[in-house]
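Reader: I would like to know how the words used for a structure are justified. Please take me through some of them.

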Amino acid sequence: MTRAAPPVIAVDDVIAEINAGPDGPKVAAFFDFDGTLIQGYSANALIVHRARNLELGPDEFVRTMLAVLSGPLDEAAFQDLMLQGIRGWVGRTDDELMELGEQLFAQEIAGALFYGTWRLVRAHQKKGHTVVIATSATRMQVQPMAQELGIDHVLCTELETENGVVTGGIVGRPPWHEGKAAAVREFARRHRIPLKNCHAYANGHEDVPFLDAVGYPHPVNPGSELARHAGEQAWSVVRFRSKRSQFHPLALARTTGLFGGFAAAVGVGAVAGVLTQDRRGGVDTATSLFGRLGGQLANIRFKISGEENTTRRPAVFFINHQSTLIDMLVTTRVVQRGFTVVAKAEVKQVPVLGQLFSMADVAFVDRSNTSKAVSALQPAVDRLRNGVSIVMSPEGTRSFSPKVGAFKKGGFHMARDAQVPIVPVVIRNAGEIMWRNAKVAQEGTIEVVVHEPLPTENWTKADLDAWVPRMRQLYVDTLDDWPGTVAGKKWSEAIAEAASAVRK
């Protein structure tokens with residue numbers, strides 16, 4: 001007898017169900033970590049680190065591989081495997097391990113975050129739900145991601161310590177199989193949360209008891225055994241497309257094409273600038289060519305809303321920043337020509353890069369003197385007054401996740417001083433295509449919303465200060481409720497109302 005495959009549900013539909021449900025902390029959302037919040041296993045990054053540092057003996061490696069290949073582990077076998085794995089940490093301090101966890105997070109684990117699961121986390125957080133990571137991984141593997149996503153509660157395998165030093169033991173029962181279900185039940189009991197109102201997300205068959213424990217189970221990218229169980233229980237499953245390895249031939253080919261397209265565009269632009277003796281025209285040729293060519297060579301498509309809002313020039317274009325090369329590709333596709341960027345003054349002295357940036361008419365600003373930070377922006381203001389737009393990230397740096405960081409005031413000062421508008425450009429999933437530390441680009445569609453320009457004429461300091469948090473909230477709201485509203489209103493309406501409120 002052929003069993004029915006479980007129905008597949010889109011993330012948007014799950015979010016719609018969440019939004020239709022009750023608000024408040026008495027609803028919990030429990031997220032498994034490995035394979036659910038992130039692609040793959042966080043332990044892989046740890047194993048590679050230990051192998052590189054000659055901390056992983058051949059006997060431990062063989063035992064680990066045999067345990068993995070032997071199939072599903074029961075609680076006793078899992079605990080034995082964990083005890084074997086942490087023997088190499090005996091004598092190290094808890095602080096050292098957490099520092100290592102932060103390092104692995106920044107280098108690899110953050111880039112494995114599923115964008116779809118991040119959206120689910122945000123949906124629960126917006127409803128005021130109690131969000132929990134429930135995992136058999138150790139705290140050093142999980143805590144950095146929890147902090148990045150604003151998740152306060154973590155149920156994980158806790159290492160035994162004495163005076164802050166790891167002893168080689170485990171505290172209590174690891175959250176694995178029935179142990180994870182037990183940990184979730186105990187958490188719900190302590191917080192007086194009815195499990196019938198709760199959601200759980202997991203990918204492995206060992207998590208069946210965990211999923212069975214709640215009223216709203218959500219298998220995510222389930223393996224065959226969990227998919228079979230989901231079909232029997234008529235659970236809807238959520239599936240995300242996995243990213244290709246940096247060694248995959250297609251990924252390497254796409255990335256080569258992307259970099260090749262960039263090099264070709266720069267070369268054509270440089271030649272055009274020399275032949276026409278028009279440096280600005282050469283830059284525009286390079287940017288517009290890369291915007292058209294780069295995506296085609298890398299099989300990266302664009303879905304852009306509000307493109308008509310890019311026509312008002314000059315302007316300061318704000319983009320949320322996750323991926324240097326992909327953000328550059330998006331910028332050249334959306335803004336196309338007539339713009340430059342801002343860079344630190346010291347970059348001008350870097351061989352080759354400094355010359356390329358100078359050719360591209362980059363606005364170099366001196367950020368070494370924080371007391372004169374506003375006056376240091378004068379080169380960028382001069383570009384704007386001369387009719388050249390500025391593209392920049394108000395966050396100032398690339399983020400580890402799609403989370404919107406704090407906005408700096410520099411771009412707002414530029415726009416006000418030059419009396420030009422600010423154009424908010426919200427990029428939905430650049431990190432999915434090429435995360436900040438990724439070596440290769442993924443294929444896919446990048447979604448972009450260009451919101452209506454925000455006028456800055458006659459702004460006072462109070463106006464500027466008021467618009468910094470309002471603008472950041474637009475990015476948060478757009479990513480949470482694509483393509484974005486502010487308290488249920490269109491951005492144009494919010495501009496008019498907020499401007500009126502500021503004047504009062």
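Author: We can start with one residue, bearing in mind that the model is predicted. Alanine 430 has a relative accessibility of 2% and counts as buried.

Reader: Why is alanine 430 called buried?

Author: Buried means under 20% relative accessible area. Alanine 430 is at 2%, so the word applies. Alanine 430 lies in helix 17, residues 430-433. Setting aside residues up to four places away in sequence, alanine 430 touches Gln322, Ser323, Ile326 and Asp327. Asparagine 320 is 110 residues from alanine 430 in sequence, yet their C-alpha atoms are 9.3 Å apart in space.

Reader: What makes helix 13 largely enclosed by the rest of the structure?

Author: Of the 11 residues of helix 13 (residues 324-334), 8 are buried, and therefore the helix is described that way. The buried ones are Leu325, Ile326, Asp327, Leu329, Val330, Thr331, Thr332 and Val334. Just after helix 13, glutamine 336 takes a positive phi of about 70°.

Reader: Does aspartate 284 count as buried or exposed, and why?

Author: The cut-off for buried is under 20%. Aspartate 284 has 11% relative accessibility, so this residue counts as buried. Aspartate 284 is found in helix 12, residues 279-298. Leaving aside neighbours within four places in sequence, aspartate 284 is in contact with Gln336, Arg337, Gly338 and Phe339.

Reader: How do you know that the span of helix 8 agrees with what is expected?

Author: The expected span is 1.5 Å times one less than the number of residues. For the 13 residues of helix 8 (residues 178-190) this gives 18 Å, and the end C-alpha atoms are 18 Å apart, so the two agree. Gly179, Lys180, Ala181, Val184, Phe187 and Ala188 are buried in helix 8. These buried residues pack against strand 1, helix 4, strand 2, strand 3 and helix 9. Just after helix 8, arginine 192 takes a positive phi of about 55°.

Reader: Why are helix 16 and helix 18 called oblique to each other?

Author: Angles from 65 to 115 degrees count as roughly perpendicular, and those over 145 as roughly antiparallel. Helix 16 (residues 410-418) and helix 18 (residues 461-480) pack at about 135°, with their axes 10 Å apart. That angle is in neither class, nor under 35 degrees, so the remaining word, oblique, is used. Helix 16 passes helix 18 in a right-handed crossing. Phe412, His413 and Arg416 in helix 16 meet residues of helix 18, including Leu464 and Trp467.

Reader: What makes strand 4 and strand 6 stand at the edges of the sheet?

Author: The open sheet has 6 strands in the order 4-3-2-1-5-6, with mixed pairing. Strand 4 and strand 6 each have a single partner strand, so one side of each has no neighbour in the sheet. From one strand to the next, the twist averages 30°.

Reader: How do you know that strand 3 and strand 4 pair?

Author: Two strands pair if at least two bridges are found between them. Strand 3 and strand 4 have 4 bridges, in the antiparallel sense. One involves threonine 161, whose bridge partner in strand 4 is valine 166. Their hairpin has 2 residues between the strands, and asparagine 163 takes a positive phi near 55° there.

Reader: In which sense do strand 5 and strand 6 pair?

Author: Strand 5 (residues 199-202) and strand 6 pair in the parallel sense, over 4 bridges. Alanine 200 has proline 217 in strand 6 as its bridge partner.

Notes
Residues numbered from 1 in each chain as written. Predicted model: local features only at pLDDT ≥ 70, side-chain atom pairs only at ≥ 80, totals over all residues. Heavy atoms only, no water. Buried < 20%, exposed > 50% of the residue type's maximum accessible area, 1.4 Å probe, protein only. Contact = heavy atoms within 4.5 Å. Axes fitted to C-alpha atoms, helices over the stretch in contact; angles between N-to-C directions. Left-handed = near helix turned anticlockwise from the far one by under 90°.
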